[in-house]
Amino acid sequence: MKTKQNLRIYVILLLSFCFKFKGYAQPVGATMYNPVNVGSLAVGSSYTNTKNNATVNGYGNNIGQASDDIFYKFVLNTAAKVNLSHCASGFDTYMHLLDANGNTIASNDDNGPLCSGVKSSIVTTLLAGTSYVVSEGYGTNSGNITTSINIQLDRNQIPTGFIDERVFTLCFSKSI
């Protein structure tokens, strides 16, 4: 009995020396469950990161185009206008904006509101909560993708009329 166990151990050791077994861990940003964690972004803040989505980097393809995807996760504490762009990237890109459950909120291929040509961008207002940006190349394109996230105050979220009502009351409340 012991000789069979020893033989198995020797065979396993021999195989491990003869063949190189590599375990490949996916890089941070490869999936929605292992994203680049941008963290909490407040109004007025921005984030920029450049990563190369070439197949050799191991990101994999989970959504959209045939090229590898890079996932970014960010959290808003309040509703805000969000500007997302690949304007500083050097090739034809594609961008997706997902909610916390992975549902598509918006996507863009070319000529988004922030960049012209083949670079993608999205401008939208988001409620407080978790969102994901997925950056990839159009088709099978790959290379350095610069993903920028800029959070602005959404003027539509500001209550209006308060100052106007006070001025109106002060100026015109006296009877003539």
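**Fold, core and disulfide of the predicted model**

N111 is exposed, with a relative accessible area of 54%. This asparagine belongs to the loop that connects β6 and β7, and its phi angle is near 50°, a positive value in a residue other than glycine. The loop between β6 (104–108) and β7 is also the site of C115, one partner of a disulfide described below.

The coordinates examined here are those of a predicted model. Mean pLDDT for the protein chain is 85, with 74% of the residues at 70 or more. Confidence is not kept up over residues 163–176, where pLDDT stays under 50 and the model has 1 contact beyond four places in sequence. Where pLDDT is low, the predicted coordinates should not be read in detail.

In secondary structure, the protein chain comprises 2 helices and 9 strands. Read from the N terminus, the order of elements is α-β-β-β-β-β-β-β-β-β-α. Of the 176 residues in the chain, 36% are buried. The accessible surface amounts to about 11000 Å², and carbon and sulfur atoms account for 55% of that area. When contacts between residues at least 6 apart in sequence are considered, 73% of them join residues at least 24 apart.

Strand pairing was examined next. Strand β9 pairs with β2 (residues 46–52) in an antiparallel arrangement through 7 bridges; one position in this pairing is K51, whose bridge partner in β9 is I145. Strand β9 is also antiparallel to β4, with 5 bridges between the two. Within the pairing of β4 and β9, L84 stands opposite I149, and N83 has N150 as its bridge partner. Strand β4 is further joined to β7 by 6 bridges, again with antiparallel direction, and here K81 is partnered by T125 of β7. Burial accompanies this pairing: 5 of the 6 residues of β4 are buried, so the strand is largely enclosed by the rest of the structure.

In soluble globular proteins, nonpolar side chains tend to be buried together. In the present model, the largest nonpolar core contains 21 residues, and the members with the most contacts inside it are F74, L76, V82, L84, V133 and I149. At least two residues of this core are supplied by each of β1 (36–41), β3 (70–76), β4 (80–85), β5 (93–99), β7 (121–126) and β9 (144–152). Strand β3 provides the largest share, namely 4 residues. A second, separate core consists of 5 residues, among them F71, L98, Y132 and V134.

The surroundings of V133 illustrate how the large core is assembled from distant parts of the sequence. Apart from residues up to four places away in sequence, V133 touches I70, F71, Y72, F74, L84, M95, H96, L97, T147 and I149. Two of these neighbours, L84 and I149, also stand opposite each other in the pairing of β4 with β9.

The structure holds 1 disulfide. The bond is formed by C87 and C115, with the sulfur atoms 2.1 Å apart, and the angle of -85° about the S-S bond makes the link left-handed. C87 is located in the loop between β4 and β5, while C115 is in the loop between β6 and β7, so the disulfide ties together parts that are 28 residues apart in sequence. The two cysteines differ in accessibility: C87 counts as partly exposed at 28% relative accessibility, whereas C115, at 8%, counts as buried.

S85 provides a further view of the surroundings of C115. This serine is found in strand β4 and is buried, its relative accessible area being 10%. The C-alpha atoms of S85 and C115 are separated by 7.4 Å, although the two residues are 30 apart along the chain. Beyond neighbours within four places in sequence, S85 is in contact with M95, L114, C115, S120, S121, T146, T147 and S148. M95 and T147 are likewise among the residues that V133 touches.

Note on methods. Residues numbered from 1 in each chain as written. Predicted model: local features only at pLDDT ≥ 70, side-chain atom pairs only at ≥ 80, totals over all residues. Heavy atoms only, no water. Core = buried A, V, L, I, M, F, W, Y, C linked by side-chain atoms within 4.5 Å. Buried < 20%, exposed > 50% of the residue type's maximum accessible area, 1.4 Å probe, protein only. Contact = heavy atoms within 4.5 Å. Disulfide = S-S within 2.5 Å. Areas by Shrake-Rupley, 256 points an atom, 1.4 Å probe, with all protein chains shown as cover. pLDDT = per-residue confidence, 0-100. Pairing = 2+ DSSP bridges.
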